[in-house]
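Student: I would like to go through this structure feature by feature. For each one, please give the general idea and then the case at hand.

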Amino acid sequence: MCTSERVTRDANQYTVVVSTWHVDGDRRYHGTEEVKDGGRFNTSLELDQKLYHLARLRIDSVAKGDAGEYRAVAKNKHGQGVATINLNFEGGDRLKIPDGKPPRFPKKPTIRQEGDLLIMECILEAHPVPDITWYQGQKTIADSKRVKMSRKATGKDTYLLTLEITNPTKGDGGNYRCNAFNNFGESNANISLNFQEEGAGCAPSFIEKPRILPNETGTLITMKCKCKANPKPEVTWFRGTSVVKESSKISIKTKTVEEDIYELIMEIKDPSGPDGGTYRCHVKNEHGESNANLNLNIEAEPEPEGDGPTFVEKPRIRSHNKGKLVVMDCKVKAKPKPQIVWTRAGQVVKESSKISLSIVEEKDDVYYIKLSLNDPGPDDSGLYKCNIKNDLGELNANLTLNVEIIPVIKEKPKVVKIVKKKTVVIECHVLSQFAPECTWFKETQAVKEDTRHKLHVEQVKEGEFAVKLEIEQMSATDKGTYKLVARNEKGEATSQVVEVTEIPDQGEKPKIVTGLKSITVEEGKTVELVATLATQDRKVTVTWTRDSTVVKASKDIMISFNGLDMKLTITSASTEFTGSYKVVVSNEYGQDESSARLVVKKKEEKKKDEEEEEKKKKKVEKKEEKKEEEKKEEKKVEKKAEEKKEEKKEEKKVISSTWSDDDGGRSEEYEEEVEEEEEVVSVIESSIISTEAILEESDSEIVSRVEDKPDLKPNGIDKPGVGKKMEILQ
């Protein structure tokens, strides 16, 4: 059977290609005449895929006489197929190529909300203009007061398709599909509308076997199921195909056991024969749905043994072999073995040359379910659902496949300067399912990697890559315009041009000229740690640490920087602030730092110091008191000496007054001797310490003076006064 045909052009050669199924032999006809190999005609048949073969007819130096209808006839033991194509000319010898494009969605659909208006948008490429149909699930959407659909041409063969919903509600949630169809093909874009909050979620799954529990008297039957789901599922009970509703006889409850775990309960009062049958508990949320089946036999027949399906591993989509193979799989536990049905957009998926389906029992009651899709294209995108079912329950796994073919570059590249390395980085983001092959161009010349030019392709998230060109040690020759070309097997994309005009200047790292100083303070005092830069620079970054822990401003700590002075002020110091402080100042060129030690002493330590000082002071005071005592003693001695002096004076007065002589001349001479004695007494007054010794000496001198006096006996008669004086002195 022949399935497709196309004409391709290469200079003066034209190729007719016909794809076929299981071809044992094939023939080609021009009109009714069979075309055979030779001369300008070359025929070939080659295996294109597992079941497809590619039949090709090449005509060299094509001429107007080659015009007409060509047929490829392919046959095997099961039958034959025919494909036809017309080779036409227009305006002389110019070959006419059919002009048309099948519908294609080059970018993922988008969804956004503007106030009360929800907008879904798709970009479409097609020629001629295709028919557009929007679906919600399997339901065709029509224009209404709330819903509006539009198509707007944005370029040659390019259209913007829009679906607008006013005042959307939860009922508007679900899977939407935009279908585009023309004579050359058909394509679909899928959008999921979810009103739940963002975050991790899971499809409902039953974690325990459903149970039917009658009470002892048989007046109440309770059906219980336990499931796990996020967000909370919608619960519907069925009997056969009919929905079970609450009544005076039947009550339905949903209890939250713990986070994401729910117990689903249906109670039947006074059960009777008609209440028997097959019941089904259906749970559903945005991630999927599941069913648990229960058979109620009023005669209390034994329930079937086994378990309904539950997920062991969540459903997932993986890509292999650079996107040539897509695998959708999951693991479930079930007894007996479940039946598997895959659907896409409501249509059952069957095995073919592109799709293979399998279910393998890995261990007891655990099954690995897989769908493999070979060489996926945009038309394979959409919502895939896997229904897993046995007699005791049912599961559904929903997976959305988006196939991006050629790379997409949405934004203009940007230039980032790294002044420290005198480096420029040109960065561009590429949307691609797999890492693209990337080349940067300067003007029209491809930039090759070397010691100065480095290419980096980094995955930012699934389906998006950051492509960077790093140019080190920039020079004037590196100035110019740059662009990125990203390629894969399906095609290529070219970015907008960006111009590099500046070369980063080399700067200097900050320098501290006055560093921190170590301080010891008492509790409660204010502390200020200060460091000063060599030059003012408000762009630097200042970081304070204490014992390697970053210090931040608080009620007790103030940090300030005026571009020159870096200050850390502690308003009321306590012992917990004791430690090694460091200030680090940095910029893109480097950093400098300074350290100091802060010691905060407790007030008790000060008391000890004061007590020591007090003791020392008392010792000094005692010494002073001793000296005062000594001075008092000296004063006493001095006083005694004064008293003796007064006594001497009194004695002198007595001597002077008792002495008399009829002869005035003798009296005067003796008075002179008394004056000499007064001089001796004055000598005694001048020395306190050796008063007695001087007195003794003075007495002896006085005596000797008296003895040495010349004989005063006038006319041989003694004067009695001299003898008296000597007695007194002695």
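Student: What is the strand order of the open sheet of four strands that contains strand 28 and strand 32?
Tutor: Strands of a sheet pair through backbone hydrogen bonds, either parallel or antiparallel. Strands here are DSSP runs of E of at least two residues, and helices are runs of H or I of at least four, both numbered from the N terminus. Two strands pair if DSSP finds at least two bridges between them. In this predicted model, the order of that open sheet is 28-29-33-32, and the pairing is antiparallel. Strand 28 (307–320) and strand 32 each have a single partner strand, so one side of each is left without a neighbour in the sheet. From one strand to the next the twist averages 15°, with axes taken as lines fitted to C-alpha atoms (for helices over the stretch in contact) and angles running from 0 to 180 degrees between N-to-C directions.

Student: Over how many bridges do strand 29 and strand 33 pair?
Tutor: Strand 29 and strand 33 are antiparallel and pair over nine bridges. One bridge partner to look up is Ile369 in strand 33, which is matched with Cys330.

Student: What numbering and confidence limits apply?
Tutor: Residues are numbered from 1 along each chain as its sequence is written. The model is predicted, so local features need pLDDT of at least 70 and side-chain atom pairs count only at pLDDT 80 or more, while totals for chains, interfaces and linings use all residues; side-chain values use heavy atoms, leaving out hydrogens and water.

Student: What is the strand order of the open sheet that contains strand 47 and strand 51?
Tutor: The order is 45-47-51-50, an open sheet of four strands with antiparallel pairing. Strand 45 (512–514) and strand 50 (557–561) stand at its edges with a single partner strand each, so each has one side without a neighbour in the sheet. The twist in this sheet averages 25° from one strand to the next. Strand 45 pairs with strand 47 (residues 527–533) in the antiparallel sense over two bridges. Across that pairing, Ile512 has Leu533 in strand 47 as its bridge partner.

Student: Which loops hold a cis peptide bond before a proline?
Tutor: His127 and Pro128 are joined by a cis peptide bond with omega of about 0°, and Pro128 lies in the loop between strand 12 (117–127) and strand 13 (131–136). Another cis bond joins Lys335 and Pro336, with omega of about 5°. Pro336 sits in the loop between strand 29 (325–335) and strand 30 (339–344).

Student: Is Asp365 buried or exposed, or in between?
Tutor: Buried means under 20% relative accessible area, exposed over 50%, and partly exposed in between (1.4 Å probe, protein chains only). Asp365 has a relative accessible area of 23% and is partly exposed. Asp365 lies in the loop between strand 32 (355–363) and strand 33 (366–374), and has a positive phi of about 65° although it is not a glycine. Asp547, also not a glycine, has a positive phi of about 50°. Its loop runs between strand 48 (541–546) and strand 49 (549–550), and at 45% relative accessibility Asp547 is partly exposed.

Student: Which residues does Asn190 touch?
Tutor: Contact means heavy atoms within 4.5 Å. Not counting residues up to four places away in sequence, Asn190 touches Pro109, Tyr176, Arg177, Ser381, Gly382 and Leu383. Asn190 lies in strand 18 (residues 185–193) and is buried, at 19% relative accessible area.
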